[in-house]
Amino acid sequence: MAGDTPGRLTREEVGHVAHLARLELTEDELERFARQLSAVLGHAEALRGLDVSALAPTSHPLELENVLRPDTVRAGLTREEALAAAPATESGCFVVPRILGEAP
Amino acid sequence: MTTVERPGVVEGTTGRFETVIGLEVHCELSSATKLFCGCPNAFGAEPNTNVCPVCLGLPGSLPVLNERAVELAMRIGAALGCEIRPSVFHRKNYFYPDMPKDYQVSQYDEPINVDGSLELPDGTRVGIVRAHIEEDTGKTTHVGATGRIHGADYSLVDYNRAGVPLVEIVSAPDLRTSDQARAYVAELRALLVATGASDGRMEEGSMRVDANVSVRPVGSEAFGTRCEIKNLNSLRSLGRAIEHEAVRQVAVVEAGGRVVQETRHFDEESGRTSSMRSKEEAEDYRYFQEPDLVPLRPSASWVGEVRAGLPMLPAERRRRLLTLVDGEPEAGGAGTASQVATVVDLGLDELVVAAVAAGAPVRVALARSANEAAQRPDQARLVDPAAFAALCRLEAGGTVSATQAKQVLAELLEHGGDPAEIARGLGFEALGDEALSSVVDEVVAANPGEWERFVAGEEKVAQFLLGQVMRATKGRANGKVVAAALEARRGGAA
């Protein structure tokens, strides 16, 4: 995702990421976010200077693993509750606008 | 004209091309609840009745991993001979209303199961790259004139399936024909059912297959560019889609074009595949680690328990039957492998093994299981192996003919009972020794000349006398027994 120069994002890259997040940015915003995000990446770049060869990668900030629950059914929401906030419903389903294209 | 010469090899205008196939199989796990919440994992419920804040992606809700789902995923890994590893979960980000969170929780670069293999009935060993855990998506129904995506006015979403635990099993590109691809899916399905990890029902969508297909000139080592084909709802569709796609790709290559790596949709009606997404919207899911879930590191003892608790798998069960076949000189020959595959597929191998242990000849037990019992596998799995063995012995010993044995078996499956009595009831039982002796008396008395020659040692007359006895008994006598009776009488006369 990053450009050729580490820590430097191009306007095109910002535009691509914005599109993936379904954000519509103006030309000014593209310029501004490219600058700001580059600064963020620049900060992170400082970490590259550290020798972490002796450290195992951290998967999670909490030192926990294997948090599991038993396979027991628990009451969820009623259909009325589940659909309560939906802008539109039909046949017990959420109504969504016309979908363009198949599921990923 | 480009034609499929035989499955897998496409005869183009410039040469012959080989098809290279890798499959991605999604199977829903048979846990009681969803992957990250306590909602029921059930097919066919009223829409949006098995939902909660977690699987609806409501703000503030947090996922907790289902222990049983992990165990079932490990069973699949163990059954496929995978290494079972520590793993983490990632978010696969995309915008589509089948996932209310706008991401699917999946495993990315650190999956739970890696590096296994699956052995097909023909002995082919197919590599398994990985088998990882992820959550299923909701179901969308397109409403409008066509009932399909194109031309729909709007869509309805049911989130009952959202969050149902899945394992995605990714094969290596080791398959070369549509027949092999079908055999792989059938074998995988049998394995999933045998381990209890999934019900493997393709028709209910609990097992779904995507096919990665590419072509290359026969003899070439380099892989061609692959396309991923979706919407394969049956083994038949899988085979048709692969064959169509191979021919399409060869035509592209031979016309001087390049195959574009893309996802294609198989249309059942036309039997064709078509492009699903434009190149501009290439997949970019921005995977990142799911911060709401901690790493999964199954203990060595848990993994050990799962491996030790596996049932006998289809490949091993086939080998067990083949070992029995090898131990009997009369067994084996053409069709045995297919009989063995059928018997294991229908879960009748226990019956055969138990019947052989009770004295049934392997050849007969296998034939009656693969042909007749296979018509009613549910009843056959419940039949008393000792009774089945007794029937096999009646047939092998000639007391009843093969045709009669099939009728006795039908009765045995339907009502149970003693095969000898059933045979008597149907009037099938061979003559007793006394009755046979009196028939032989009659035949000897009616053919004194032939009898003299037989006693004098003219062996070719034996067949004639045997035929006379068989005719007089209307085929109820056992040829071997008659021959022995004639021999004994000659011994007494000489």
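Mentor: Helices and strands here are DSSP runs, a helix having at least four residues and a strand at least two. Please keep in mind throughout that this is a predicted model.

Trainee: With that in hand, how many helices and strands does chain B have?

Mentor: Chain B has 16 helices and 17 strands. Chain A, for its part, holds three helices and three strands, and from its N terminus the elements follow the order α-α-β-α-β-β.

Trainee: What radius of gyration does chain B have, and what would a compact globule of 494 residues have?

Mentor: The value for chain B is 31 Å, whereas a compact globule of 494 residues would come out near 23 Å. The spans of the C-alpha trace can be read beside this, and along the principal axes of chain B they are about 100 × 55 × 50 Å.

Trainee: Into which domains is chain B divided?

Mentor: The division gives domain 1 with residues 3–308, domain 2 with 314–425 and domain 3 with 433–493. Between the C-alpha centres of domain 1 and domain 3 of chain B there is a separation of 69 Å.

Trainee: How should I read burial and contacts at the level of a chain, and what percentage of the residues of chain B count as buried?

Mentor: A residue is called buried when its relative accessible area is under 20%. By that criterion 50% of the 494 residues of chain B are buried, while for the 104 residues of chain A the figure is 18%. As for contacts between residues at least 6 apart in sequence, 69% of those in chain B join residues at least 24 apart, and in chain A 27% do so. The accessible surface amounts to about 22000 Å² for chain B, with 50% belonging to carbon and sulfur atoms, and to about 7800 Å² for chain A, with 57% belonging to those elements.

Trainee: How many positive and negative side chains does chain B have, and how far apart do the centres of the two sets lie?

Mentor: There are 52 positive and 70 negative side chains in chain B, and the centres of these two sets are 2 Å apart.

Trainee: Turning to a single element, which residues of helix α7 of chain B are buried?

Mentor: Helix α7 of chain B covers residues 349–357, and its buried residues are Asp349(B), Leu351(B), Val352(B), Val353(B), Ala355(B) and Val356(B). Their cover includes the chain B helices α5 (314–326), α6 (336–345), α8 (362–371), α9 (377–380) and α10 (385–396). Just after α7(B) comes Gly359(B), whose phi is positive at about 105 degrees.

Trainee: Where do residues other than glycine take a positive phi?

Mentor: One of them is Arg22(A), with phi near 55 degrees, and this residue sits in the loop between α1 (11–20) and α2 (27–45) of chain A. Because its relative accessible area is 47%, Arg22(A) counts as partly exposed. Asn231(B) also has a positive phi, of about 70 degrees, although it is not a glycine; Asn231(B) belongs to strand β14, residues 227–232 of chain B. With a relative accessible area of 27%, Asn231(B) is therefore partly exposed.

Trainee: Why does Gln468(B) count as partly exposed?

Mentor: Gln468(B) counts as partly exposed because its relative accessibility is 21%, and the buried class requires a value under 20%. The residue is placed in helix α15 of chain B, residues 460–472. Once neighbours within four places in sequence are set aside, Gln468(B) is in contact with Val443(B) and Asn447(B). Its C-alpha atom is separated by 9.8 Å from that of Ala446(B), which is 22 residues away along the chain.

Conventions: Residues are numbered from 1 along each chain as its sequence is written. Chains are lettered from A and ligands numbered from 1 in the order in which they are written. This is a predicted model: local features need pLDDT of at least 70, side-chain atom pairs count only at pLDDT 80 or more; totals for chains, interfaces and linings use all residues. Side-chain values use heavy atoms; hydrogens and water are left out. The radius of gyration is taken over C-alpha atoms; the globule rule is 2.2 Å times the number of residues to the power 0.38. Buried means under 20% relative accessible area, exposed over 50%, partly exposed in between (1.4 Å probe, protein chains only). Contact means heavy atoms within 4.5 Å. Accessible areas come from the Shrake-Rupley method with a 1.4 Å probe; for residues, only the protein chains shown count as cover. Lys and Arg count as positive and Asp and Glu as negative; His and the chain ends are not counted. The place of a charge is taken as NZ of Lys, CZ of Arg, CG of Asp or CD of Glu. Domain bounds come from an automatic or database domain assignment.
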